Structure formats: structure tokens, C-alpha cells
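Trainee: Could we go through this model together, starting from how its helices pack? I would like to reason each point out as we go.

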Amino acid sequence: MNLHIVNIIIKREYLTRVKKKSFIIITFLVPVLFAALCTLPSVIMLMAKEEAKKIAVVDQSGIVAGLLEDTGTVTFSDFKGADPVAVKAGLDSLGMDVLLSISPLDSARRTVTAMTYSAKPLGVDMTGDIERQINDAVEQYRIESYGIEGLDKIMQEVKPDVKLVSYQMDESGNETLSESGIYMMLSLVLGMIIYMFISMFCGMVMSSVIEEKSSRVVEVLVSSVKATELLFGKIIGVALVALTQFFMWIALTALILAVVGGITGAGLMDMGAAADPTAQITGITSQLPDGSVPDMSSLMQEVTEPADSTSAYPSEKSVIFSTLMNIDYTRLIIVFVLFFIFGYLLYASLFAAIGSAVENEADSNQLVLPLTVPLMIGFFIAMFVYKSPDSGVVFWASMIPFTSPMVMLSRALFGVKTWEIVLSLVILILSFIGCAWVSAKIYKVGILMFGKKSSFKDLWKWLKMK
């Protein structure tokens with residue numbers, strides 16, 4: 001194989017693609033969309049507040065209505081002694097939106113049944129708030145039914161409020177705050193990114209091969225260069241396009257977020273604290289016990305000086321900040337680049353071989369299926385790595401070359417030993433070399449085959465040809 005010729009093909013593939021309008025548009029559009037996805041949840045959560053409702057309460061138990069409290073979205077009106085059927089039929093004339101009907105008290109079970117009637121369904125938050133207030137009222141009734149003075153206070157004192165604070169220790173014994181929810185989110189994102197990149201750019205390689213074959217351009221090319229040189233030049237050229245686009249996406253996304261943060265200033269922080277989307281995933285909030293948002297100096301102090309057993313809990317936001325600071329980004333980027341490159345090369349060589357065996361993309365569906373299935377299996381396993389990163393299924397999936405690019409990258413956040421990463425990478429590289437040899441043999445024959453729909457039997461026949 002002439003490396004000079006391969007280099008020329010790589011340059012041709014690379015420059016041809018990066019000069020396309022579609023490449024430029026996607027390169028600049030994706031960071032804008034990604035930055036929007038980062039900020040949009042907070043904006044939506046602030047703006048998507050439920051419309052205020054007026055609720056008519058018919059309490060036949062006598063223990064709930066007096067304890068219901070109005071909120072920003074709910075106003076309760078007690079229709080004591082009214083007929084629920086009549087109130088339900090005349091909600092509009094009464095100026096009410098919803099009827100909350102409380103059944104008579106079930107003395108045996110010491111509880112009630114609650115039902116709402118409205119023209120439009122209530123939102124999840126409003127339903128949850130009404131249900132919580134009714135449960136609190138029933139709980140208060142049950143406490144009072146015991147006739148023990150101060151029992152409600154005793155019950156409040158009995159309820160524990162223990163929060164688990166996790167610290168991660170390095171080899172030197174240094175401790176840093178950590179939050180598993182952060183690792184979970186990053187694991188999901190990384191697995192999704194590498195799956196998307198491999199499938200997208202491998203498909204690009206196959207489409208390029210099919211296009212050149214169907215237009216008969218490949219006949220001219222193989223008259224000047226070897227088929228294997230054309231194959232590897234095309235694969236490596238597209239790989240460089242992928243890496244260029246990826247790192248540009250990172251830089252542009254960071255720039256856009258920095259500009260947005262600089263323009264909005266504290267308003268963006270307040271918006272994020274109010275919406276608190278991280279809390280919905282990790283189960284923690286970004287506020288201090290008094291409702292305020294901690295400043296950066298307090299975060300740094302809590303990160304660098306972990307709390308002991310006698311001190312107060314660190315703020316949840318400091319835990320998130322510490323977790324992000326504690327990630328070895330250099331190691332993570334190296335793992336990502338290596339597994340992406342060799343995972344891409346493994347699949348791209350096989351996709352190119354399939355592209356050489358067909359004359360249009362419609363004919364490739366049957367041949368591509370055996371490749372897309374393991375790729376999707378690796379993606380699905382990567383989505384659940386956070387549940388048990390050291391389980392047998394996850395471990396072996398991170399070693400099998402057809403799933404390891406997605407799974408090992410997701411595992412890398414959870415303290416995977418270096419020897420496991422090295423072993424997985426070696427297996428992946430050896431598998432790529434083997435698949436590249438197989439693909440080259442198929443490519444040399446298939447790229448010049450016309451007028452016949454190829455099958456797996458044909459691929460096997462070409463593979464055995466000398």
C-alpha cells in the first residue's frame with residue numbers, strides 16, 4: 001500500500017466534505033441547537049406555569065376543607081353542606097373551575113375518598129399539590145384521634161432527615177464531594193454521542209462508496225490507485241471530517257454558552273435555580289436551606305474543605321460543582337477519542353465493504369442489518385451503565401469490540417481500572433485490523449461488480465477469492 005497515494009485520497013475526501021455547504025451549515029447550526037437545549041428547559045419550566053384554578057370544595061367528612069390552603073395556582077372555596085351533584089352541574093354559574101368532592105369519613109379505615117370534576121384535566125403539579133394537602137389533613141385527623149397531647153410535635157421530631165453525602169477518595173486518600181446523578185447524566189450523554197457519531201459517519205462512508213460506484217467514477221479511480229488504498233483513504237478522510245466537526249461543536253457550544261451567560265448574567269443563574277432541572281434528575285436542589293443560592297466562594301470552600309461528621313450538610317450545588325471539578329477530563333477525552341476512532345474504523349470498514357457490494361442504498365438494508373444490531377445493543381447497554389457499571393453484562397459489553405466504544409466510554413466515568421480500558425482498546429484495535437482485512441478483500445471485488453444484487457453468499461465467495 002502506497003502511503004503517499006493514501007494521503008492524497010485522504011486530503012481529497014477531507015477537503016471535498018468540509019467545503020460542502022451542508023457541512024458548514026450543520027457545523028454552526030448544531031452548537032446553537034445544543035446551547036438552546038441547555039438553556040431551554042429552564043426557560044420552559046419558568047414560563048410553563050399552570051393556569052390558576054378556582055376549586056369548589058364539598059367536604060362531607062368535615063376534616064379536610066378547613067385545612068386546605070390557597071396557593072399561587074389554586075384557590076379553594078368551601079361549599080359546606082352543598083350537594084356535590086348540584087355544584088358539579090353549576091360550576092360555570094358559580095364561577096368555579098373544578099369541584100373537589102370529599103366523601104364521608106370512613107371510620108374503620110380513618111380515611112376519605114377524594115374526586116375532582118372539571119371540564120379540562122388538571123396538570124400534574126396541581127393534582128399533586130391537592131393530593132398532598134388532603135393527605136396532610138387525613139394525617140392530622142389520625143394524630144388527633146389518638147387523644148395524646150403534643151402527638152403532632154412528637155411525630156415531627158420522630159421523622160428523620162438524614163441525607164447521604166458521598167465522598168470520593170483518590171489514591172492519595174484525598175476526599176472530594178461527589179454526586180452519582182451527575183455521573184449518570186454524563187454517562188447517558190457520552191454513550192449517545194459516540195453512538196450517533198459512529199452511525200452517522202459510517203453511513204456517510206457507505207453512501208460515498210455507493211455514489212462513486214453507481215456513477216462509475218470508481219472505475220476511473222481504481223485504474224490509478226489500488227482498491228485498498230481507495231478504501232482506507234476514504235475511511236480516514238471521513239474520520240478526520242468527523243473529528244473536525246466534533247471539536248468545532250465543542251468550541252462553538254462553549255462560546256455560545258459563555259456569551260449567553262455574559263449577556264444574561266445573574267438572571268441566567270437565577271433562572272436555573274428557580275427551574276432547577278438538575279434536581280428532577282439527581283433528586284437534589286441547588287438552594288441552601290434558607291432558600292438562597294450559594295455564591296462561588298462558598299462553593300469553593302465546601303469543595304476544598306469537606307464537612308466532617310459534626311458540621312452541617314454541604315449545599316447541594318456545591319456537591320454538583322465538586323463532582324464536575326473532580327472528573328478527570330483529560331483521561332475522559334483521551335478515552336473518547338481513542339474509542340471513537342477505532343470504533344469508527346471498525347464499523348466504517350465493514351460499512352464500506354457493504355457499500356461496494358450494492359449499487360444503491362435501498363439494496364444495502366439487508367446487508368447493513370447485522371451491523372446495526374450490535375451497534376444498537378451497545379447503545380442500549382450504555383444507557384443503563386449507571387445502574388451497575390461493574391456488572392457482568394456491562395463488563396463484557398465493554399470488552400466485545402462491536403459494543404465497547406459506547407459501553408466503555410459510559411463506564412469510564414465510574415472509575416474503571418486502566419488495565420480494563422487498555423485491554424478493551426487492544427481487543428478493539430485487533431478486531432479492526434481483522435475486519436479491515438476482510439473488508440479489503442470484499443471491497444476489491446465488489447467495487448467493480450455491476451448489474452447483480454449481492455447477497456451474503458456472494459460476500460463469502462469474494463472473501464475466499466485470492
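**Helix packing around α17**

Mentor: Gladly! Keep in mind that the model is predicted. Helices α14 and α15 pack with their axes 9 Å apart, at an angle of about 165 degrees.

Trainee: Are α14 and α15 roughly parallel or roughly antiparallel?
Mentor: Start from the angle between the two axes, which is about 165 degrees. Angles over 145 degrees count as roughly antiparallel. That makes the relation of α14 to α15 roughly antiparallel.

Trainee: Is the crossing of α14 and α15 left-handed or right-handed, and how many residues of their contact are nonpolar, polar and charged?
Mentor: The hand of this crossing is left-handed. On the α14 side, the contact has Tyr347, Leu350, Phe351, Ile354 and Ala357, which meet Leu367, Val368, Leu371, Thr372, Pro374 and Leu375 of α15. Sorted by class, the contact of α14 with α15 has no charged residues, one polar and 10 nonpolar.

Trainee: Let us bring in α17. How do α15 and α17 run relative to each other?
Mentor: Helix α15 covers residues 365-383 and helix α17 covers residues 404-411; their axes come within 8 Å and cross at roughly 15 degrees. Angles under 35 degrees count as roughly parallel. So the description of α15 relative to α17 is roughly parallel.

Trainee: Which residues make the contact of α15 with α17, and how do they divide by class?
Mentor: The crossing of α15 and α17 is right-handed. From α15 come Leu375, Gly378, Phe379, Ile381 and Ala382, and from α17 come Met406, Val407 and Ser410. Gly counts among the polar residues here. The contact of α15 with α17 therefore divides into no charged, two polar and six nonpolar residues.

Trainee: And what is the arrangement of α14 and α17?
Mentor: Helix α14, residues 329-357, packs against α17 with the axes 9 Å apart and an angle of about 175 degrees. The two helices are therefore roughly antiparallel.

Trainee: Which residues form the contact of α14 with α17, and what classes do they fall into?
Mentor: α14 gives Leu332, Val335, Phe336, Phe339 and Gly343, while α17 gives Ser404, Pro405, Met408 and Leu409. By class, the contact of α14 with α17 comes to no charged, two polar and seven nonpolar residues.

Trainee: Now the loops. Is Thr403 buried or exposed?
Mentor: Thr403 sits in the loop between α16 (392-397) and α17. Beyond its neighbours within four places in sequence, Thr403 is in contact with Pro374, Ile377, Gly378 and Ala397. Its relative accessibility is 7%, so Thr403 counts as buried.

Trainee: On the other side of α17, which residues does Phe414 touch?
Mentor: Phe414 lies in the loop between α17 and α18 (418-446). At 23% relative accessibility, Phe414 counts as partly exposed. Not counting residues up to four places away in sequence, Phe414 touches Tyr183, Met184, Ser187, Val385, Tyr386 and Pro389.

Trainee: What separates the C-alpha atoms of Phe414 and Met184?
Mentor: These two residues are 230 residues apart along the chain. Phe414 nonetheless touches Met184. Their C-alpha atoms are separated by 9.2 Å.

Trainee: To finish with the whole chain, what share of its residues is buried?
Mentor: The secondary structure comes to 19 helices and six strands. Among contacts between residues at least 6 apart in sequence, 71% join residues at least 24 apart. Of the 466 residues in the chain, the buried share is 41%.

Key:
Residues numbered from 1 in each chain as written. Predicted model: local features only at pLDDT ≥ 70, side-chain atom pairs only at ≥ 80, totals over all residues. Heavy atoms only, no water. Axes fitted to C-alpha atoms, helices over the stretch in contact; angles between N-to-C directions. Helix = DSSP H or I, 4+ residues; strand = E, 2+ residues; numbered from the N terminus. Parallel < 35°, antiparallel > 145°, perpendicular 65-115°, else oblique. Left-handed = near helix turned anticlockwise from the far one by under 90°. Contact = heavy atoms within 4.5 Å. Buried < 20%, exposed > 50% of the residue type's maximum accessible area, 1.4 Å probe, protein only.
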